[in-house]
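Work through the exercises below with the sequence and the model side by side. Try each task before reading its solution.

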Amino acid sequence: MMSEARLYSLEQVAERLGLQVRTVRSYVRSGRLKAIRIGKQYRVTRESVEDLTGAAPPREAVPRRRQVEVSSVIQVDAVSVDTASRVTTHLVGAAKAACDNGSALRVETIYDEERSQLKVIVIGSLLHAANAFRLLGVLLEV
């Protein structure tokens with residue numbers, strides 16, 4: 001199906017190619033430019049424009065926002081089962097708290113009882129990860 005393909009109106013194609021809309025319509029009627037009729041209007045795929053011109057039309061500018069993410073593994077030695085459970089509960093709860101800008105924080109913990117070792121995995125925005133690290137420091141009193 002064509003649901004994934006970007007469809008352009010004849011006016012958009014004319015503007016992108018620097019042509020008159022009448023010229024683009026004549027290309028469609030003559031078969032020089034492949035188009036799909038939807039209702040009373042024609043739509044042209046990106047591939048059809050590329051076939052006509054031999055080059056891709058300029059892409060629309062994609063708005064970009066800088067995003068900084070952290071992924072970190074923290075290893076804590078000499079941790080009791082109770083402390084590991086308390087740390088896990090607090091960190092996971094803090095991660096589930098609503099984030100104001102929509103960024104999520106993911107926290108996972110793994111406790112190795114044999115070695116009395118806790119590993120904390122933190123993935124998320126720089127700000128939220130820093131807050132999780134501070135909370136971890138408070139909980140472990142370091």
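**Exercise 1. Where is the place of Val76?** Then decide from its accessibility whether Val76 is buried or exposed, and list its contacts.

Solution. The model is a predicted one.
Step 1: Val76 is part of strand E4.
Step 2: The relative accessibility of Val76 is 14%. Buried means under 20%, so Val76 counts as buried.
Step 3: Leave aside the neighbours of Val76 within four places in sequence; Val76 is then in contact with Ser116, Gln117, Leu118 and Leu140.
Step 4: Compare sequence and space for Val76 and Tyr111. They are 35 residues apart in sequence, and their C-alpha atoms are 9.6 Å apart in space.

**Exercise 2. Which residues make up the covered face of E4, and which the uncovered one?** Then find the partners of E4 and E5.

Solution.
Step 1: Val70, Ser72, Ile74 and Val76 form the covered face of E4. The uncovered face holds Glu69, Ser71, Val73 and Gln75.
Step 2: E4 spans residues 69-76 and pairs with E6, residues 117-125, in the antiparallel sense over eight bridges.
Step 3: Check two positions of this pairing. Val70 has Gly124 in E6 as its bridge partner, and Val73 stands opposite Ile121 in E6.
Step 4: E5, residues 105-112, also pairs with E6 over eight bridges in the antiparallel sense. Here Arg106 stands opposite Ile123 in E6.

**Exercise 3. Which residues touch the most other members of the largest nonpolar core?** Say also which elements contribute to this core.

Solution.
Step 1: The largest nonpolar core has 17 residues, and Leu91, Leu118 and Val120 touch the most other members.
Step 2: Two or more residues of this core come from each of E4, helix H4 (81-96), E5, E6 and helix H5 (126-140).
Step 3: Take Leu91 and do not count residues up to four places away in sequence. Leu91 then touches Val107, Val120, Ala132, Leu135 and Leu136.
Step 4: Another core, of ten residues, lies apart from the largest one; among its members are Tyr8, Val13, Tyr27 and Val44.

**Exercise 4. Which residues of H2 are buried, and why do they line one face of the helix?** Do the same for H3.

Solution.
Step 1: In H2, residues 21-30, the buried residues are Val24, Tyr27 and Val28.
Step 2: Look down the axis of H2. The buried residues fall within an arc of 100 degrees, so they line one face of the helix.
Step 3: Turned away from this buried side is a face of H2 with the exposed residues Arg22, Arg29 and Ser30.
Step 4: The buried residues of H2 pack against helix H1 (10-17), strand E3 (41-45) and helix H3 (46-53).
Step 5: In H3 the buried residues are Arg46, Ser48 and Val49. Down the axis of H3 they fall within an arc of 160 degrees, so they too line one face of their helix.
Step 6: The cover over the buried residues of H3 includes strand E1 (7-9), H1 and E3.
Step 7: Look just past the helix ends. Gly31, just after H2, takes a positive phi of about 90 degrees, and Gly54, which follows H3, has a positive phi near 80 degrees.

**Exercise 5. Where is Ala78 found, and where is the place of Ser116?** Then compare the phi of each with the usual sign.

Solution.
Step 1: Most residues other than glycine have a negative phi.
Step 2: Ala78 is found in the loop between E4 and H4. Ala78 is not a glycine, yet its phi is positive, about 55 degrees.
Step 3: Ala78 has a relative accessible area of 73% and is exposed.
Step 4: Ser116 sits in the loop between E5 and E6. In this hairpin four residues lie between the strands, and Ser116 takes a positive phi near 55 degrees.
Step 5: With a relative accessible area of 27%, Ser116 is partly exposed.

**Exercise 6. How many aromatic pairs does a search of the whole structure find?** Then look for charges over rings.

Solution.
Step 1: The search finds zero aromatic pairs.
Step 2: Arg32 lies over the face of Tyr27, 4.3 Å from the ring centre.
Step 3: Arg37 lies over the face of Tyr42, 5.2 Å from the ring centre.

Terms used:
Residues are numbered from 1 along each chain as its sequence is written. This is a predicted model: local features need pLDDT of at least 70, side-chain atom pairs count only at pLDDT 80 or more; totals for chains, interfaces and linings use all residues. Side-chain values use heavy atoms; hydrogens and water are left out. Two strands pair if DSSP finds at least two bridges between them. A nonpolar core is a set of buried Ala, Val, Leu, Ile, Met, Phe, Trp, Tyr and Cys residues joined through side-chain atoms within 4.5 Å. Buried means under 20% relative accessible area, exposed over 50%, partly exposed in between (1.4 Å probe, protein chains only). Contact means heavy atoms within 4.5 Å. The arc is that of the directions from the helix axis to the C-beta atoms. Rings of Phe, Tyr and Trp (its six-membered ring) pair if their centres lie within 6.5 Å; planes under 30 degrees apart count as stacked, over 60 as edge-to-face and the rest as tilted. A charge sits over a ring if NZ of Lys or CZ of Arg is within 6 Å of the ring centre and within 35 degrees of the ring normal.
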